Structure formats: structure tokens, C-alpha cells
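Opened a new page for this chain today. I wanted to know what packs inside it and which charged pairs hold on to each other.

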Amino acid sequence: QTVTRVSLDSFRERAAGKKVILLYPWLNYRNLFLSHFLAADHSGLLYYRIPAEVTTPGAWVRGLIDDLAPGLAGFGAQVRHLPDDAAPDALGEALAADLAACAPLPGVLFVDEMDRVQLSPAFEAFFTVLVGALAPGQQLAISSRLLTHQPWYAMVAQGDAVILGTEHRKSDLMFTVETEPRPQLEVYALGQGYALINGQWISQWDGVLPRNLFFYLIDRPLVTRDAIFETFWPDLSIRDATNVFHVTKRKMMERINAKLDGTPCELTQYANGFYMPSAKIVRHYDAADFLEAVEQAAVAHSERQEEILYQQAIALYKAPFLQAVNMPWAVARRDQLRQYYAQALIGIGRIMQRRVQPEAALGYFARALREVPEREDIHREVMRLYADLGMIGDALAQYDRLDSILAQMLNIGPAPETRALRDQIAARG
């Protein structure tokens with residue numbers, strides 16, 4: 001409850017009368033909350049983690065039955081009576097019947113790693129029937145990093161589903177109920193880089209250039225044409241750069257729109273000399289979320305709020321920005337976000353120091369120094385912590401590491417303040 005800001009009582013209150021509980025894709029603490037739920041709730045809960053990617057409802061249901069049956073005598077009898085090629089609606093009804101036959105009746109079927117399911121019309125039909133056939137009092141809880149638009153959108157709109165995990169996010173529109181739903185674009189640039197449109201992975205970009213332009217436009221929501229040309233085609237004339245830009249942009253949008261069934265959308269719109277996000281598409285961008293969390297932490301009104309925001313940022317930073325892209329703009333952005341990541345680790349470390357938790361502080365500072373080994377002030381903090389723990393040898397070894405790092409990276413030695421600290425610690429040994 002302290003970490004997630006979602007108490008068991010509020011969970012029950014918000015989920016009361018709902019058939020489906022959706023744990024938001026960016027809910028970083030779902031495992032902690034699940035552990036709390038399991039420990040405190042006695043109404044019954046079945047937990048199933050999807051172990052690998054599945055493409056058909058039949059494979060999904062039989063995997064669930066095989067996983068849960070050893071602990072539930074007779075569970076899965078209705079599903080096992082069906083042929084291997086049973087229709088999705090028959091599978092949904094059979095699974096609901098098997099859940100209803102359990103004794104004691106499970107209150108919640110919790111399905112984790114739902115992003116391993118390749119949602120299709122067959123899966124949508126299956127889940128729709130399953131939810132509709134659940135016994136009174138039973139609920140389906142779903143946790144996924146990539147919850148897709150359907151069938152959950154319709155369930156939210158009808159009042160059959162509730163979303164938990166949006167407490168930390170003030171600007172998300174993933175589950176906003178709109179009269180005319182817009183495509184949902186999810187972009188993950190912290191790592192190798194990938195994107196999904198309405199939950200479908202955009203796997204082909206028709207070349208490296210359209211892909212790089214896509215991530216550039218996502219990362220720069222307000223950019224001039226001249227800036228784009230200078231970044232991608234600095235040696236071309238304005239006329240040639242314009243032609244190449246429009247061809248590249250068209251290829252990029254063709255790959256995105258190929259995943260949409262309806263009216264083609266545009267990623268950007270041009271106004272007042274700037275390319276800016278189109279109002280016809282909803283963006284979710286992990287790098288922007290990460291940066292916002294670090295920036296908000298810096299102006300937090302309480303230590304608890306600061307800690308939560310830093311922890312959110314750390315959880316979002318899965319890996320360096322666009323690891324495989326070596327264009328100057330990407331390299332510069334990678335370095336900037338790495339610095340912010342280090343700042344989040346340092347911020348948590350200092351919170352741990354204030355709470356007199358030296359081991360925890362050491363852990364965060366050590367992680368930060370892997371990102372920013374040149375930060376002499378953090379080396380000093382580590383030296384002091386080691387010394388306070390009576391680890392004089394480790395404190396002096398930390399000084400030697402700093403000395404070597406500064407010589408290699410900057411061709412300088414430690415500052416007088418650091419040398420004085422080293423002498424003070426050595427005298428204590």
C-alpha cells in the first residue's frame with residue numbers, strides 16, 4: 001500500500017461489481033501488489049503467468065489448464081471435452097464453467113504477462129464470451145505491459161472493467177472512452193527501440209532511414225524542417241532534402257498505417273513552421289515518461305513523493321536509449337538520458353542516506369557510478385559510507401578507482417577535498 005498507493009481496501013472498492021480488472025501497462029509495482037493481495041485476501045485467487053507467446057485461444061486455455069490443474073482436482077474437465085479446433089466462444093463458455101466448478105470458488109483469476117498473447121478477432125471473441133459467462137462474484141484480472149485497445153476498450157466503455165495503476169500518471173489516454181477512438185501508438189526507445197500501434201508490433205520499416213526518422217520525430221515533438229534536414233541530410237540542397245524527407249516520411253507512415261484497419265493516420269502535423277504531434281493519434285512514449293518522472297522528483301513536495309517518482313524513473317529505464325542507433329542526435333540523447341538515470345539513482349541514494357540506511361545508499365550510488373564514473377562527489381559519498389561501516393580498505397580502494405578513472409577520462413587527479421577525505425579515512429585505519 002505504501003509503495004503502490006493502492007490499498008487492498010481501495011482495490012476491492014474500485015473493483016466491486018466489475019468483471020475485469022486491468023492493471024495498467026506501466027504499473028511497475030504489480031508484483032508487489034499481487035504479493036500483498038495473496039497474503040491478505042482469503043476469497044480465493046488463481047494465478048497464471050503466460051510462459052511463452054501464444055497465437056490461438058485453444059493453446060492459451062490449454063496452457064492455463066495444464067498449469068492450474070495439478071493444484072485443483074478435476075479442473076479443466078469442460079475444456080478437455082472440447083475438440084482441439086473448438087470455436088472461441090465454446091472455449092470461453094467451457095473455461096467459465098470450469099472456474100465456476102472450482103471449490104472453493106475462486107474470486108479472481110489473475111493472468112500475468114498478457115502481452116504474450118497475439119490478440120486477434122478469435123481472442124477477442126473468446127475473452128468477450130469468457131467474461132460474460134463468469135459466475136457471479138468471479139473476476140478476471142489482467143496484467144500486461146502492452147494492453148491493447150480491444151476488447152478492453154468496449155468493456156471499459158460498458159462499465160464492466162476497471163483500470164488500476166493510473167494513479168501515478170496524470171496525462172494518459174490509453175483507456176479514455178472517446179466517441180471516436182484514436183489509434184494508440186506505444187513507443188519504447190529505452191533499449192533497442194520498438195513501437196506498437198493498437199497493440200500490433202511494427203516489425204518492418206522499409207529501411208533504416210524511415211525507422212530513424214520515426215524515432216526522431218517521436219523524441220522531438222516540436223521540430224522545424226530545417227532542424228530535420230540538418231540532422232538527416234546536411235549535405236543536400238533544400239530541394240533535394242525536401243524530396244528525400246517526404247519519400248522517407250511516406251514510407252514510415254505506410255508501415256504504421258499497414259497495421260490499422262480504418263482510416264490512415266498521420267504521425268505529425270505542420271503548423272507555424274513546426275512539425276508537431278498529430279491530434280489524430282495518441283502517443284505513449286517511455287523516454288518522455290522517464291524524463292517527466294525525474295523532473296517531477298526534483299520539485300517534489302515530500303520525500304515520499306520524490307522517492308516514488310525516482311523509483312518510477314528507474315523502473316522505466318530498461319536500457320540505454322536506442323542502443324543500435326549511432327546517429328549524432330541519438331548518441332547525444334542517449335547520453336542525456338543516461339545522466340538523468342544516474343540522477344535518479346543518486347536521488348534515491350541520498351534519500352537512503354537521510355534515513356540512515358547506508359547499505360541501500362551504497363547500492364544506489366554504485367549503480368550510479370556505473371553510468372557516470374566521473375562523478376567525484378559520488379565517489380566521496382561512497383568513501384564516507386564505507387568508512388562509516390568500518391570498511392576502511394574498501395573506502396581507500398574506492399579512492400584508487402576514482403584516481404584511475406579521472407586520469408583515463410579527464411587526465412586529471414582527484415580534487416583536494418577528495419584527497420583530504422582519503423587521508424582522514426586512512427588515519428582511522
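My notes below go from the whole chain to the cores, the salt bridges, a small sheet and a surface patch.

**Overview.** I'm working from a predicted model, so I keep that in mind throughout. I counted 17 helices and 12 strands in the chain. Of its 429 residues, 48% come out as buried. I also looked at contacts with a separation of 6 or more: 67% of them are between residues 24 or more positions apart. The exposed area is about 20300 Å², with carbon and sulfur atoms supplying 52%.

**Cores.** I went for the largest nonpolar core next and found 74 residues in it. F321 and W329 are among the residues with the most contacts inside it, as are L185 and F214. Helix α13 (residues 328–354) is the top contributor, giving 10 residues. There is also a second, separate core of 39 residues, including L46 and I50.

I then looked up what F321 touches beyond its neighbours within four places in sequence. The list includes W329, Y285 and L337, plus two charged residues I followed up, D219 and R333.

**Salt bridges.** The structure has 17 of them. R333 and D219 are one such pair, with the closest N and O atoms 2.9 Å apart. R333 sits in helix α13 and D219 in helix α8 (residues 208–219), so far along the chain from each other that 114 residues separate them. Buried or exposed, I asked of R333? R333 counts as buried because its relative accessibility is 13%, under the 20% cut-off. D219 is buried too, at 8%.

Next I checked E303 and R354, whose side chains meet at 3.0 Å, N to O. E303 is in helix α12 (residues 303–316) and R354 in helix α13, so this pair ties together parts 51 residues apart in sequence. E303 is partly exposed at 30%, and R354 is partly exposed at 48%.

R355 and E307 form a salt bridge as well, at 2.7 Å. R355 lies in the loop between α13 and α14 (358–371) and E307 in helix α12, so parts 48 residues apart are tied together. R355 is partly exposed at 30%, whereas E307 is buried at 9%. Shared partners join E303, R304, E306, E307, R354 and R355 into one network.

**Small sheet.** I found an open sheet of three strands, ordered β9-β11-β10 with antiparallel pairing. Its edge strands are β9 (223–224) and β10 (268–271). Two bridges join β9 to β11 (residues 274–277), and T224 has F274 as its bridge partner.

**Surface patch.** Last, I noted that M409, L410 and I412 make a nonpolar surface patch of about 280 Å². M409 belongs to helix α16 (residues 392–409) and counts as partly exposed at 46%.

Methods:
Residues are numbered from 1 along each chain as its sequence is written. This is a predicted model: local features need pLDDT of at least 70, side-chain atom pairs count only at pLDDT 80 or more; totals for chains, interfaces and linings use all residues. Side-chain values use heavy atoms; hydrogens and water are left out. Patches are made of residues with over 30% relative accessible area and no salt bridge: like charges are joined within 9 Å, nonpolar side chains (Val, Leu, Ile, Met, Phe, Trp, Tyr) within 5 Å. Accessible areas come from the Shrake-Rupley method with a 1.4 Å probe; for residues, only the protein chains shown count as cover. A salt bridge is a side-chain nitrogen of Lys or Arg within 4 Å of a carboxyl oxygen of Asp or Glu. Helices (H or I, at least four residues) and strands (E, at least two) are DSSP runs, numbered from the N terminus. Buried means under 20% relative accessible area, exposed over 50%, partly exposed in between (1.4 Å probe, protein chains only). A nonpolar core is a set of buried Ala, Val, Leu, Ile, Met, Phe, Trp, Tyr and Cys residues joined through side-chain atoms within 4.5 Å. Contact means heavy atoms within 4.5 Å. Two strands pair if DSSP finds at least two bridges between them.
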